[in-house]
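Subject: Structure for you to look at

Hi,

Here is the structure I promised to pass on. Please open it next to this email and follow along.

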Amino acid sequence: MTQRQSGLQSFGEQENAPYLLPRNDEEINRLDFQHYILRATLKGNALAPLQPPTSMLDVGCGTGRWCQEMAVTYPQATVVGFDLVSPLSLPRSPQFPDTCRFVQGNVLEGLPFAPQSFDYVHQRLLVFALPTQRWPGEVQELVRVTRPGGWVELVEVDITFEQMGPASRQLATWITEASRQQGIDPSMARRTQNLLEGVGLTNIVYQQIPNPVGSWGGRIGTMAATGVQAINKAMRQQVLSQLGVSPAQYDQALAASLDEYDSYKSYSNTFIACGQRPL
């Protein structure tokens, strides 16, 4: 087994890490799709009004695309990616500048960095990884490693759409219930602003941005639909085992949801908030 294969195999098998989605080729593709969608949505990779930073941290860095692009944008800065597994061990990892480095660990066990280490701390798409009760303490940990005057940013996408069809809504209901039985609440995606306010950050900037889902939304909508279907497929076994839904029921809803994205012109919401640590 190669180093890359070994890293991929262990990507979802860390103890005390309740990440509900599998870490396989499909999930890697979904994370990359989501990165491109978010970059198009924001027209960049950051909402925070950054002065040229000298150090940045990406918590839950996934495939490392954000780190790679931010390192190119800010060549004077050190960019650190933190996740259960380093992107360097994944297939098809991008070429990273020398200013990028990666640290493996579980954010639920704390960040292995000294207080006030970074000008900018970025975290996104961890709604399926963090138990509901752990969110406030985890966000406080982000603040701990941020320098006074630095910025913390949270980015999450809601799995409950606007203008959903009945099959899409049924899938979202099943996935939400199965997740909550594991102590994870997907609706935490909508609380990014409240979480930053709760840890005392100031100058908070908040955006709720609609994103089309389905081919009616062009290239971005098609990519979003692919990402949504990947989540729906990844959560199938958990829904079947925890809620007693039959395979036929789930697969029927899955197939019907694809047509609904276009017929209902569905769209999801991205919730982005950033706040500044007081001086």
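Below is what I found, going from the whole chain down to single residues.

**The whole protein**

First, a caution: this is a predicted model. The protein has 279 residues, and 56% of them count as buried. Its secondary structure comes to nine helices and seven strands. The accessible surface is about 12100 Å². Carbon and sulfur atoms hold 49% of that surface.

How much of the contact network links residues far along the chain? Take the contacts with a separation of 6 or more: 75% of them join residues 24 or more positions apart.

**Two cores**

In soluble globular proteins, nonpolar side chains tend to be buried together. Here, the largest nonpolar core has 44 residues. Leu57, Val59, Phe82, Leu111, Phe113, Val121 and Tyr250 touch the most other members. Helix α5, residues 166–181, gives the most to this core, with five residues. There is also a second, separate core of 25 residues. Leu50, Val155, Val157 and Ile272 are among its members.

**Helix α5**

Stay with α5 for a moment. This helix has 16 residues. From first C-alpha to last, α5 reaches 23 Å, close to the 22 Å expected at 1.5 Å a residue.

Which residues of α5 are buried? They are Ala167, Ser168, Leu171, Ala172, Trp174, Ile175, Thr176, Ala178 and Ser179. What do these buried residues pack against? Their partners are α7 (218–234), α8 (236–243) and α9 (247–263). Just after α5 comes glycine 183, with a positive phi of about 85°.

**Strand β2 and its partners**

Now find strand β2, residues 78–83. Five of its six residues are buried, so β2 is largely enclosed by the rest of the structure.

β2 pairs with strand β1 (residues 55–59) in the parallel sense, over five bridges. Across this pairing, methionine 56 of the one strand stands opposite valine 79 in β2. How does the chain get from β1 to β2? It crosses through helix α3, residues 65–73. This β-α-β crossover is right-handed.

β2 also runs parallel to strand β3 (residues 100–104), again joined by five bridges. There, aspartate 83 has glutamine 104 in β3 as its bridge partner.

The loop between β2 and β3 holds serine 86. Is serine 86 buried or exposed? Its relative accessibility is 9%, so serine 86 counts as buried, the cut-off being under 20%. Leaving aside neighbours within four places in sequence, serine 86 contacts Phe102 and Gln104.

**Two more buried residues**

Threonine 146 sits in strand β5, residues 146–157. With 0% relative accessibility, threonine 146 counts as buried. What surrounds this residue? Not counting neighbours within four places in sequence, threonine 146 is in contact with Gln116, Phe118, Asp119, Val121, Trp151, Val152 and Arg277. One of these, Val121, appeared above among the core residues that touch the most other members.

Leucine 126 is in the loop between β4 (118–124) and α4 (135–144). Leucine 126 is buried too, at a relative accessible area of 7%. Its contacts are Val59, Gly60, Trp135 and Glu156, leaving out residues up to four places away in sequence. Look also at glycine 62. Leucine 126 and glycine 62 are 64 residues apart in sequence, and 10.0 Å apart in space, C-alpha to C-alpha.

**Two backbone angles to check**

Most residues other than glycine have a negative phi. Two residues in this model go the other way.

- Glutamine 163 is not a glycine, yet has a positive phi of about 55°. Its place is the loop between β5 and α5. With a relative accessible area of 42%, glutamine 163 is partly exposed.
- Lysine 265 is not a glycine either, and has a positive phi of about 50°. Lysine 265 lies in the loop between α9 and β7 (267–276). Its relative accessible area is 46%, so lysine 265 is partly exposed.

Best wishes

Notes. Residues numbered from 1 in each chain as written. Predicted model: local features only at pLDDT ≥ 70, side-chain atom pairs only at ≥ 80, totals over all residues. Heavy atoms only, no water. Helix = DSSP H or I, 4+ residues; strand = E, 2+ residues; numbered from the N terminus. Buried < 20%, exposed > 50% of the residue type's maximum accessible area, 1.4 Å probe, protein only. Contact = heavy atoms within 4.5 Å. Areas by Shrake-Rupley, 256 points an atom, 1.4 Å probe, with all protein chains shown as cover. Core = buried A, V, L, I, M, F, W, Y, C linked by side-chain atoms within 4.5 Å. Expected span 1.5 Å × (residues − 1). Pairing = 2+ DSSP bridges. Right-handed = clockwise from strand over helix to strand, strands pointing away.
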